[in-house]
Amino acid sequence: MVARSVARLAVVTALICVPASVLCAPAIAAPADLDRSFGGDGIVEVPGPGGASFPSEAGARMAIGPKDEIFVLSSNYPPCNPPFNCTVELTVARYGPDGEQDTSFGAGAGPQLVVHQNAFEHNFGLAVGPDGKPVVTTVDEPEDALYVARLGLDGRLDGSFGVGGKTEHLSTHTIEVARGGSAVAVQPDGKILVAAETNREPDSSELILARYLPNGEFDPGFGSGGEVAMTMGTQMRPANVLVDPGGNISVPGPGCCVGGTPLFGEGLSVARFLTNGAPAASWAGSGRLFLPTPGAQSSVEGVALAPDGGMFVVFEESTSTVSTVGNIVKLLPDGAPDANFGNGGRIALFSRVGSVSPYGIAIDRQGRIVGVGWDGRISVFRLRADGSADRTFNGGQRLVLPYGGGTSMPYMVGLQSSGRIIAFGDSGCCGGKGFALIGMHGGTDHTRCLKHKATIVGTNGPDEITGTPRRDVIASLGGKDTVRGLSGADLICGGKGRDKIFGGAGRDQVRQ
């Protein structure tokens, strides 16, 4: 059928799936579809203490191991009122690549760590080494101590690390324990990196980066006795620790304040060190980068290394007139914004994938940005390497997943070696909370429409797909879809569902 350029839109209701025009939905799963081989329906709920729901104060972290196994660190709070210096029980669970829980991991051990801290701080971190052993950082506020612990492959504290599986971070500097937080990563050689912040001084703070040997002792070949300090012009809570293939170590975080007073030029700070702990002079000339976001307070939500040695940073800005705006900035290997990414190195997410508060990103093998965010429910989006929307992933818009709701706040997203996307988030707030792992198809789509490779692809669920002002090749796949072509000579293929197809102001070809 040819829809000629006319003033009114042509409407086609697609009732059948034609194999010659588009692969039928039940046969081939598309990127953004739930992976039904993960947990049976794509969603694996994490059981709470004793099988009950988690308390409303609970937090959690996720990490993917070297064999695609999945680790979840969660917190439980026995009754505590008020919520300061509460007992915090930390438990790590392990799941197989397809979402099956390994009930032998830590069996009978109870919580692997017990500390005391503000119930709402969620002051703990998780990373997994190349040997599959998870590493946890946490703080005990009454003791004013930061701890690093490692679990063995059986899920119990690893006696070969520190004393009984954990070690206290005995810094030569005064670490900000109560609100400073920490970030952790494990190098390919098994050495552990921990970043923290010093006590907040009137004019500045110091970023502390320490490296531990696999036995839990400070690495004498790193900095001064295993630790380095870098003065930052502002307070900076470490958001993550990244190690690139060359051994360079990057620590990003929000540049907040001086002496508790918000700066006019609020922004982001990223420190980079060489493998021996020395500042990386090639990064902004000194190893220390401040990226201003004038007039807006910024919060770093996720970071990922770019294939070219640079870095993607996802952050939110808050101003007096706008509560939150999600952004991604791409930095080159020298710290300069990448002019080929978005608008001068930066994009606003709502203009690419729709309204979403971002929380984490990962980079797939094709260099695409996979992100998780919140829009009433857990939402996942994918961008091309240049920051443009990937329209083969849910038509280019963020996909709102069938989990969460109300105060649902997503935490992390990761990628398995197969390309499967694992999103992790929670639901509920008051009187009980749940956490879940969600498996989704990633990879590259090869759907065709009228013998042409599709440039916009839906999912096997109900979709609303809108074309671009240019020529599009649109495949709607399964579900009851609504497809709207714009200008350009579009090719549009309906799927297996009662689709509504609206041709645009161009010479469109439509196949039911």
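**Figure 1. Contacts and surface across the whole predicted model.** Take the contacts between residues at least 6 apart in sequence: 50% of them join residues at least 24 apart. This is a predicted model. The chain has one helix and 39 strands. Of its 512 residues, 55% count as buried. The chain exposes about 20,300 Å², and carbon and sulfur atoms supply 53% of that area.

**Figure 2. Confidence along the chain, with two stretches under 50.** The average pLDDT of the chain is 84. A score of at least 70 is reached by 85% of the residues. Residues 1–27 stay under 50. For this stretch the model has 66 contacts beyond four places in sequence. Residues 258–265 also stay under 50. Here the model has 18 contacts beyond four places in sequence. Where pLDDT is low, the predicted coordinates should not be read in detail.

**Figure 3. Strand β12, residues 182–186, is largely enclosed by the rest of the structure.** Five of its five residues are buried, so the strand is largely enclosed. In a regular strand the side chains alternate between the two faces of the sheet. In β12, Ser182, Val184 and Val186 point one way. Ala183 and Ala185 point the other way. Both sets are buried.

**Figure 4. The hairpin of β12 and β13.** Strand β13 covers residues 192–197. It pairs with β12 in the antiparallel sense, over five bridges. Ser182 of β12 stands opposite Ala196 in β13. Five residues lie between the two strands. In this hairpin, Gly190 takes a positive phi near 90°.

**Figure 5. Phe54, Tyr411, Phe424 and Phe435 form one aromatic cluster.** A search of the whole structure finds seven aromatic pairs. One of them joins Tyr411 and Phe435, whose ring centres are 6.0 Å apart. Their planes meet at 55°, so the pair is tilted. Tyr411 lies in the loop between β27 (399–400) and β28 (412–415), and Phe435 in strand β30 (residues 434–440), so the pair ties together parts that are 24 residues apart in sequence. Tyr411 and Phe435 are both buried.

**Figure 6. Arginines over aromatic rings: Arg272 with Trp283, and Arg484 with Phe502.** Arg272 lies over the face of Trp283. The distance to the ring centre is 4.1 Å. In the second view, the charged end of Arg484 sits over the ring of Phe502. Here the distance to the ring centre is 4.9 Å.

Technical notes:
Residues are numbered from 1 along each chain as its sequence is written. This is a predicted model: local features need pLDDT of at least 70, side-chain atom pairs count only at pLDDT 80 or more; totals for chains, interfaces and linings use all residues. Side-chain values use heavy atoms; hydrogens and water are left out. Helices (H or I, at least four residues) and strands (E, at least two) are DSSP runs, numbered from the N terminus. Buried means under 20% relative accessible area, exposed over 50%, partly exposed in between (1.4 Å probe, protein chains only). Contact means heavy atoms within 4.5 Å. Accessible areas come from the Shrake-Rupley method with a 1.4 Å probe; for residues, only the protein chains shown count as cover. Rings of Phe, Tyr and Trp (its six-membered ring) pair if their centres lie within 6.5 Å; planes under 30 degrees apart count as stacked, over 60 as edge-to-face and the rest as tilted. A charge sits over a ring if NZ of Lys or CZ of Arg is within 6 Å of the ring centre and within 35 degrees of the ring normal. pLDDT is the predictor's confidence in each residue, from 0 to 100. Two strands pair if DSSP finds at least two bridges between them.
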